[in-house]
Amino acid sequence: MFKKTLGIIGGGQLGSMLAQSAKKLNIKTIVISDDHKAPAKNFADEFIHGKYTNKKIINKFLKKVDIITFEFENIPFNVLHLMNKKVKVLPKPSINKIIQNRYLEKNFVNDLKIKTTKFKYIKSKKDILNNLDLLPGILKTCTLGYDGKGQIVINSLNKIKKLEIDFKKEYILEKKINIKKEVSVIITRFSSKKYEIYEPIENTHKDQILKYSKIPSNINKKIKNQALKYAKIISEKLNYIGTLCVEFFIDKKNNLYVNEIAPRVHNSGHLTINSHNVSQFENHIRAVCKLDKIKTKRIYKARMINLIGNDIRKYRKKKNKKNQFFFDYLKNDIKPKRKMGHVTIIQ
Ligand code: ADP
Ligand code: MG
């Protein structure tokens, strides 16, 4: 048994679900978050509030934990790196350095001979004008984007002239592709060539935010195997420990592209709590705490609906059927475009 304490950086819904899984495995958790109302407060054994750059707070956290993981990839690299000198951080911080920057991330993927959409590094309007072959395209900030935040769709030359872009930030311009389907592959890597991998999950986005996921996905065997293979190659190359998600696009001609990598548990994997014998969260905890690896199997087909903004109100009042599992993230304020909860329906 793991008798140590797991530190989790970040107190959102992913941190909450990690803490819940840890509890199931009798592992004590301490969550650190810069939001004093963080939802994971409700699920962790202990909660520390403070800025990730506050040395006093960080030291308090480091004194109490034996191993550290995180729920989001945008923690400054230096913070993770300094923590890692005292207490092991898994997945290792150097991975974050690549993945938290879209430009480095896509180059890393291309270096593995895996396709991404076409993209260019952009630091001025002139750079955009020099890459008109990428239109219609999406201008994305290199760092800190999520749920479509930090993205500007550029359909025409006209639009560029009117755009006010803050070039203190770095960007990539990415060619828009005609998406037929989006899928994600969640993999938990334990050590060299030892992993549990979930079959591809099919995802539908609305306004660039994930709305629906389902497993199994409706894709052909060739694409399925290719996606699984790519996820394995990526996790091996990163020497990754823990759960990782690779998001893919499939275009109308059945080309498979890696969209992005999340070095953490992922929204599309929430359904694994109900569809599988071991969820993405439990597998993550097992990997970072060096517990046994359990053969992961799907028990049910499942679909998940993200409850965004006001969607949550109805579900808070509703009685669920036996095959419906409602998760309320217990966020204090309901805001548009904010993920408030989800419901998973098993078949
Ligand atoms: P985020 O970090 O916000 O998740 P993504 O790059 O994954 O950013 O984009 C969010 C969603 O926007 C994608 O899942 C997809 O639906 C859409 N999207 C992003 N890039 C492209 C693209 N190049 N072509 C078409 N759709 C895209
Ligand atoms: Mg994404």
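Two strands pair if DSSP finds at least two bridges between them. I kept that rule at hand for every sheet entry below. I also note at the outset that this is a predicted model.

**Entry 1: the E11–E12 hairpin**

I began with strand E11 (residues 201-206), which pairs with E12 in the antiparallel sense over five bridges. The hairpin these two make has two residues between the strands. I looked up the backbone there and found that Asp207 takes a positive phi near 50 degrees. Within the pairing, Glu202 stands opposite Lys214 of E12.

I then followed strand E12, which spans residues 209-215. Is E12 mostly covered or mostly open? Five of its seven residues are buried, and I logged the strand as mostly covered. E12 also pairs with strand E15 (residues 302-308), again in the antiparallel sense, over four bridges. In that pairing I found Ser213 opposite Met304.

One residue of E12 came up again in the charge-over-ring search. The charged end of Lys211 sits over the ring of Tyr212, 5.9 Å from the ring centre. A second case is Lys115, which lies over the face of Tyr257 at 5.5 Å from the ring centre.

**Entry 2: the parallel sheet**

Next I traced an open sheet of four strands with parallel pairing, in the order E3-E2-E1-E4. Its edge strands are E3 (46-49) and E4 (67-70), each of which pairs on one side only. Neighbouring strands here are turned by 25 degrees against each other on average, direction ignored. What packs on this sheet? I found helix H2 (residues 55-64) there, touching E1, E2, E3 and E4. The direction of H2 makes about 160 degrees with that of E3.

I checked one strand pair in this sheet residue by residue. Strand E1 (residues 5-9) pairs with strand E2 (residues 28-33) in the parallel sense, over five bridges. Ile8 stands opposite Val31 in E2.

**Entry 3: Lys23**

I looked up Lys23 and found it in helix H1 (residues 13-24). Its relative accessible area is 47%, so I put Lys23 down as partly exposed. Which residues does Lys23 contact beyond its neighbours within four places in sequence? Phe43 and Asp45 are the ones I listed. I also took the C-alpha separation of Lys23 and Ala44, which comes to 8.3 Å for two residues 21 apart along the chain.

**Entry 4: the antiparallel sheet**

I moved to another open sheet of four strands, this one with antiparallel pairing and the order E5-E8-E6-E7. E5 (119-122) and E7 (151-154) are its edge strands, each pairing on one side only. The twist averages 25 degrees from one strand to the next.

E5 pairs with strand E8 (residues 171-175) in the antiparallel sense over four bridges. I noted Tyr171 in E8 as the bridge partner of Ile122. Helix H5 (residues 102-111) lies across E5, strand E6 (137-141), E7 and E8. H5 runs at about 150 degrees to E5.

**Entry 5: aromatic pairs**

I searched the whole structure for aromatic pairs and got six. One of them joins Phe167 and Tyr171, with 5.7 Å centre to centre and 75 degrees between the planes. I recorded that pair as edge-to-face. I then asked why the two residues fall into separate burial classes. Tyr171 has 5% relative accessibility, which is under the 20% cut-off, so it counts as buried. Phe167 comes out at 28%, between 20% and 50%, and is therefore partly exposed.

I also found ring pairs that link Tyr103, Phe119 and Tyr121 into a cluster.

**Entry 6: the magnesium ion**

Which protein residues act as donors to the magnesium ion (ligand 2)? I found Glu247 and Glu260, each through OE, lying 2.0 to 2.4 Å from the ion. The two are 13 residues apart and link distant parts of the chain. Glu247 is in strand E13 (residues 242-251), and Glu260 is in strand E14 (residues 256-262).

I closed with their accessibility. Glu247 has 13% relative accessibility and therefore counts as buried. Glu260, at 21%, is over the 20% limit for buried, so it counts as partly exposed.

Technical notes. Residues numbered from 1 in each chain as written. Chains lettered and ligands numbered in written order. Predicted model: local features only at pLDDT ≥ 70, side-chain atom pairs only at ≥ 80, totals over all residues. Heavy atoms only, no water. Axes fitted to C-alpha atoms, helices over the stretch in contact; angles between N-to-C directions. Contact = heavy atoms within 4.5 Å. Phe/Tyr/Trp six-rings, centres within 6.5 Å; stacked < 30°, edge-to-face > 60°. Buried < 20%, exposed > 50% of the residue type's maximum accessible area, 1.4 Å probe, protein only. Lys NZ or Arg CZ within 6 Å of the ring centre and 35° of its normal. Donors = N, O, S within 2.8 Å, 3.2 Å for Na, K, Ca; no water.
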